[in-house]
Amino acid sequence: MLALAALLAAEPALAAPVATVADARELLEKGVGFDTVKGRGKVPAYAEYLKSVLVAAGFAPGSISIEPVGETANLHLVWKGKGNDAPMAITGHMDVVEADPKDWVRDPFKAVEDGGYLFGRGVGDNKFDVSMVVATLAALKKSGFTPGRDIHLFLSGDEETEGVTADLQAKQAKAAGVEFMLNSDGGGGELDANGKPLGYSLSAAEKTYADYRLTVTNPGGHSSRPTSPNAIAQLAAATAKIDAYRFPVQINEITRASLIAEGTKKGGDLGKAMVAFARNPDDAAAVAVLRADPGSIGQIATTCVPTMVNGGHAPNALPQKATLTVNCRIFPGVTVESVRKTLEGVVADPAVKIETGQEWVSTPASPLRSDIVAAVTKAVTAARKGVVPTPAMDAGASDSVYYRALGIPSYGVSGLFMKSDDVFMHGLNERIPLAAIGPALTHWSTLITELAK
Ligand SMILES: [Zn+2]
């Protein structure tokens, strides 16, 4: 590190300092050891550990706050910059999904190396990038680097569950004048079976997640004296209508770019349909092909599917109540209420009551800012020669929703490249290839120094 720092001082045109693989790996391995599952109260201890690493690198203890949020915590580092530009934020989450040691081959809360992989709960989601970001900020600080703008690091503690911390952090980011946010828990690269990079997704939009509840209530009665309508039959008719309905297709600059890139790479009927749709969303033949493909239908429209059903209370009684849960993934820019109204129109039965139950955060797509695209391109190319990022829209929701909802454009820019067979996030035997650490450090160092010049 010292030699690098000296070199940098002598020759400012050199690439930014990159953390060592050993330092980053230690952070990741120790991080997995904190079982930051909901309900165990371990997030604050993990946050204290990360803070200690940052303080050891030269950050003032007062620049890092660890604010309790229920049993979890909000870690917030403010790195004061030169003020050349408005502040930027980097986010990640310290919590992990539950893991039952009974089901795992190895102890999920002990990082274990095997066959070129590091195993453990959270080793990918999201402790990999959290460790890479913290190692990078520590290395930059040690080298004497001063960012051109303030950098806010926000690590949340309940991303996998309630999302209360990120909601709070997004408000703090807004109050601090944060201009855009880089989410370490989104985007990322793909490797082929031989470990060669296939591509990189720069996540700039997310579909809105919303559940709707459909309820039919009837007076009920004895099953030997059938009356019409029957609550279960009414709900079944509504269910069939929703199942058959297809929302109108939509496109934005992000899905257009990703469909062209993916379609060109893929080829075949599906690839051709992706490109044809991107060029002309009214192409009915292309729409039919994409709607039939589970991996594509969500990219071209809002989707809603019946997921849970409940009805009746006794085998020999007419049902007094039947309920259906419909899960929707809503296209960016479409409101949760307008989808509710559409479902009402599709069902077309006033006896079926449709409600959302809770408020779901709906968000716009983030604009493909040229400074962000250029910096991410530089970072991805520096880490993996020849790879260029493609904009992407994610089907799921992350901490980015809270920022986008407040008008802070957010970008999923993970430094992790994985084979699709190796992706066990949330599942059993979660793992990452150890060879991913080095390039990820180059990625983060390039990205941060590019955007905070
Ligand atoms: Zn995650």
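**Entry 1: a three-stranded sheet**

I began with an open sheet of three strands, whose order is β4-β5-β19 and whose pairing is antiparallel. At its edges I found β4 (112-114) and β19 (431-433), each of which pairs on one side only. From one strand to the next, the twist averages 30°. I then looked up how β5 and β19 are joined, and they pair in the antiparallel sense over three bridges. One residue I followed here was L118, whose bridge partner in β19 is I432.

**Entry 2: how far to trust the coordinates**

Before going on I noted that this is a predicted model, and I looked up its confidence values. The mean pLDDT of the protein is 93, and 96% of its residues reach 70 or more. Residues 1-13 are a stretch where pLDDT stays under 50, and for them the model has 11 contacts beyond four places in sequence. Where pLDDT is low, the predicted coordinates should not be read in detail. I therefore leave the details of residues 1-13 aside, as pLDDT stays under 50 there.

**Entry 3: the zinc ion**

Which protein atoms are the donors of the zinc ion? I found H93 (NE2), D125 (OD), D185 (OD) and D185 (OD), lying 1.9 to 2.7 Å from the ion, so that D185 is listed with two entries. In sequence the donor residues follow the spacing H-x31-D-x59-D. H93 belongs to strand β3 (residues 88-93), while D125 sits in the loop between β5 and α4, so the pair ties together parts that are 32 residues apart in sequence.

Why is the arrangement around the zinc ion irregular? The four donor atoms subtend angles of 51 to 133°, whereas a tetrahedral assignment would need all angles to lie between 85 and 135 degrees.

I also checked whether the donor residues H93 and D125 are buried or exposed. H93 is buried, with a relative accessible area of 1%, and D125 counts as buried at 10% relative accessibility.

**Entry 4: strand β6 and its neighbours**

I turned next to strand β6 (residues 151-156), where six of the six residues are buried, so the strand is largely enclosed by the rest of the structure. Both of its faces are covered, with I151, L153 and L155 buried on one side and H152, F154 and S156 buried on the other.

I then looked for the strands that pair with β6. Strand β2 (residues 72-79) runs antiparallel to β6 and is joined to it by five bridges, whereas β3 pairs with β6 in the parallel sense over six bridges. The residue L155 in β6 appears in both pairings, for L75 stands opposite L155, and G92 stands opposite L155 as well. Strand β3 had already come up in my zinc entry, since H93 lies in it.

**Entry 5: a four-stranded sheet and its helices**

Another open sheet has four strands in the order β12-β14-β10-β15, paired antiparallel. Its edge strands are β12 (303-311) and β15 (353-355), each pairing on one side only. Neighbouring strands of this sheet are turned by 20° against each other on average, direction ignored. Within the sheet, I looked up strand β10 (residues 208-217) and strand β14 (residues 321-330), which pair in the antiparallel sense over 10 bridges. In this pairing R213 stands opposite T325 in β14.

Which strands does helix α6 touch? Helix α6 (residues 231-244) packs on the sheet and touches β10, β12 and β14, and its direction makes about 15° with that of β14. Helix α11 (residues 336-347) also packs on the sheet, touching β10, β12, β14 and β15, with its direction at about 40° to that of β10.

**Entry 6: backbone details in loops**

Finally I went through some backbone features. A cis peptide bond joins D125 and N126, with omega about 5°, and N126 is found in the loop between β5 (117-119) and α4 (127-143). This brought me back to the zinc ion, as D125 is one of its donor residues.

A cis peptide bond also joins S228 and P229, where omega is about 0°. P229 lies in the loop between β11 (221-222) and α6, and α6 is a helix that packs on the four-stranded sheet.

In the loop between α11 and β15 I noted A348, whose phi is near 50°, a positive value in a residue other than glycine. A348 is exposed, with a relative accessible area of 57%.

Notes:
Residues are numbered from 1 along each chain as its sequence is written. This is a predicted model: local features need pLDDT of at least 70, side-chain atom pairs count only at pLDDT 80 or more; totals for chains, interfaces and linings use all residues. Side-chain values use heavy atoms; hydrogens and water are left out. Two strands pair if DSSP finds at least two bridges between them. Helices (H or I, at least four residues) and strands (E, at least two) are DSSP runs, numbered from the N terminus. Axes are lines fitted to C-alpha atoms, for helices over the stretch in contact, and angles run from 0 to 180 degrees between N-to-C directions. Contact means heavy atoms within 4.5 Å. Buried means under 20% relative accessible area, exposed over 50%, partly exposed in between (1.4 Å probe, protein chains only). pLDDT is the predictor's confidence in each residue, from 0 to 100. Donors are N, O and S atoms within 2.8 Å of the metal (3.2 Å for Na, K and Ca); water is not among the atoms, so sites may look incomplete. Four donors count as tetrahedral if all angles lie between 85 and 135 degrees; four count as square planar and six as octahedral if opposite donors are over 155 degrees apart and all others between 65 and 115; anything else is irregular.
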